[in-house]
Amino acid sequence: MAKFLQLILCITHLSLSLISSFALNPQTSSVTNHQHKKGKQSIGVYELKKGNFSIKLTNYGATVISLILPDKYGKLGDVVLGYERVKEYVNDTTYFGAIVGRVANRIAGAQFTYNGVRYKLVPNEGKNILHGGPKGFSRVCWKVDEYFPETHSPNVTFSYYSVDVEEGFPGNLKVKVTYKIIKENQLSIEMSAKAINKATPVNLASHTYWNLGGHNSGNILKHKVQIFASQITPVDNNLIPTGDFEAVKGTPFDFLQPHTVGSRINQLPGGYDINYVVDNVGKTSVMKPVAIVEEEKSGRVMKLWANKPGVQFYTSNTLSNVTGKGGYVYGPHAALCLETQGFPDAVNQPNFPSVMVGPGDTYEHFMLLKFSTTS
């Protein structure tokens, strides 16, 4: 009930004060960056900017709504998919730019057993649960803890308090995410979650849709991708891991050397939607290189580091006639996602790294994105 009332308050405030004014097109936007007012739960847009590099976020779903940077000719462009107005994120089913959780990706049968107790979750993809359920973290208002747009490293911190049995998950959980521009063209995303009173699974992920040619430039089939992962966790027909590990070498999943997304995508039904096992990620949670993406026409390059063992590579296979920013219509393969994460369905796979967080313990997930251009 508390979560339902929170969502109603969030939507009510949005409908009264934001619907008419939040255009997100970087060429025509007149969006005002709203400071958080203590004691009020409201939706706002928060801009971080350093030089020609800027990012806009909303505390609804702790969502990235635009990221603007120059191409090799100095022309600015928005490289993430999203909607024209903030109100559209309330009914979003794509997870555009959101932080997803309490557990990202899929849990088989929307249930798991821990210490002899069976937990039944709220399914939202057939019998399974995806990205935390129908009211996961992407579908709630987050509190704005801090917003420092004028500092040397502009940053904003969102937080959310997830209560016991929310979507069926055990225990209260205090979640935070900080977006920070640490240098021009470098963005860090720091996610944390403290289990308050019970052991609970936690697996947060950033679900940003990237198109380095520009959100309205067409598909990403010519994007060149390198993923530093020698194995995948294969899945069944419902995209649930089998529990096995498979080498990528010599298969369509092999991105150990850079090649274009489209070069072998036709060998897969629909496209890429698979968890890669990042190489050289140990128990020390040290940041490791995950992937490099390059778009030749714009010259833009994105390099990704993270401290999690997996990364879901998704090529927007199910996008179809989604009207986005500026009225542009997104279709299949309009973007790619690189969602660093724990392994899918880890709560039901004993040979996968655990995603359980004990009471009093803190989950930490760090991402670093470095952008540049080729000559």
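This is a chat about pockets, salt bridges, a surface patch and backbone oddities in a predicted model.

Biologist: What sort of model is this, and how are residues numbered?
Modeller: The model is predicted: local features need pLDDT of at least 70, side-chain atom pairs count only at pLDDT 80 or more, and totals for chains, interfaces and linings use all residues. Residues are numbered from 1 along each chain as its sequence is written, and side-chain values use heavy atoms, with hydrogens and water left out.

Biologist: How much space lies in the largest pocket?
Modeller: About 740 Å³. A pocket here is an open set of points on a 1 Å grid over the protein atoms alone, with protein on both sides within 12 Å along at least five of seven lines. The volume is the space filled by probe spheres set on the points, and points are joined across faces, edges and corners.

Biologist: Which residues are closest to its centre?
Modeller: Arg 106, Leu 130, Asp 273, Tyr 314 and Thr 318, out of 39 that line the largest pocket. Lining residues have an atom within 4 Å of a point. Strands S20 and S23 (310–314) each supply at least two residues of that lining. Strands are DSSP runs of E, at least two residues, numbered from the N terminus.

Biologist: How does the pocket lining split by class?
Modeller: There are 18 nonpolar, 15 polar and six charged residues. Ala, Val, Leu, Ile, Met, Phe, Trp, Tyr, Cys and Pro count as nonpolar, Asp, Glu, Lys and Arg as charged, and the others, Gly among them, as polar.

Biologist: And closed spaces? How many cavities turn up?
Modeller: Four of 30 Å³ or more, from a search of the whole structure. A cavity is a set of points where a 1.4 Å probe fits but cannot get out. The largest cavity has a volume of about 50 Å³.

Biologist: What lines that one?
Modeller: The lining includes Asn 105, Arg 106, Asp 273, Ile 274, Asn 275 and Gln 312. Strand S20 (residues 273–278) gives the most, with three residues. By class, the lining has five nonpolar, four polar and two charged residues.

Biologist: Arg 106 came up for the pocket and the cavity. What does Arg 106 pair with?
Modeller: Glu 125, in a salt bridge with the closest N and O atoms 2.7 Å apart. Glu 125 lies in the loop between strand S8 (117–120) and strand S9 (129–130), and Arg 106 in strand S6 (residues 106–107), so the pair ties together parts that are 19 residues apart in sequence. A salt bridge means a side-chain nitrogen of Lys or Arg within 4 Å of a carboxyl oxygen of Asp or Glu.

Biologist: Is Arg 106 buried or exposed?
Modeller: Arg 106 is buried, at 7% relative accessible area. Glu 125 is partly exposed, at 28%. Buried means under 20%, exposed over 50%, partly exposed in between, with a 1.4 Å probe and protein chains only.

Biologist: How many salt bridges does the count come to?
Modeller: Four. Among them, Asp 145 and Lys 176 meet at 3.8 Å, N to O. Asp 145 lies in strand S10 (residues 143–148) and Lys 176 in strand S12, so that pair ties together parts 31 residues apart in sequence. Another is Asp 164 with Lys 198, with the closest N and O atoms 3.0 Å apart. That pair links distant parts of the chain, 34 residues apart. Asp 164 is partly exposed, at 25%, and Lys 198 is partly exposed too, at 34%.

Biologist: Switching to the surface. Which residues make the nonpolar patch?
Modeller: Tyr 161, Val 163 and Ile 196, covering about 240 Å². Patch residues have over 30% relative accessible area and no salt bridge; like charges are joined within 9 Å, nonpolar side chains (Val, Leu, Ile, Met, Phe, Trp, Tyr) within 5 Å. Areas come from the Shrake-Rupley method with a 1.4 Å probe, and for residues only the protein chains shown count as cover.

Biologist: Where is Val 163?
Modeller: Val 163 is in the loop between strand S11 (155–162) and strand S12 (173–183). Val 163 is partly exposed, at 35%.

Biologist: Last topic, the backbone. Where is the cis peptide bond?
Modeller: Between Gly 101 and Arg 102, with omega about 15°. Most peptide bonds are trans. Arg 102 is in the loop between strand S5 (99–100) and S6.

Biologist: What about phi at Ala 110 and His 131?
Modeller: Ala 110 has a positive phi of about 50°, and His 131 has a positive phi near 55°. Most residues other than glycine have a negative phi. Ala 110 is buried at 4%, and His 131 is buried at 6%.

Notes: Helix = DSSP H or I, 4+ residues; strand = E, 2+ residues; numbered from the N terminus.
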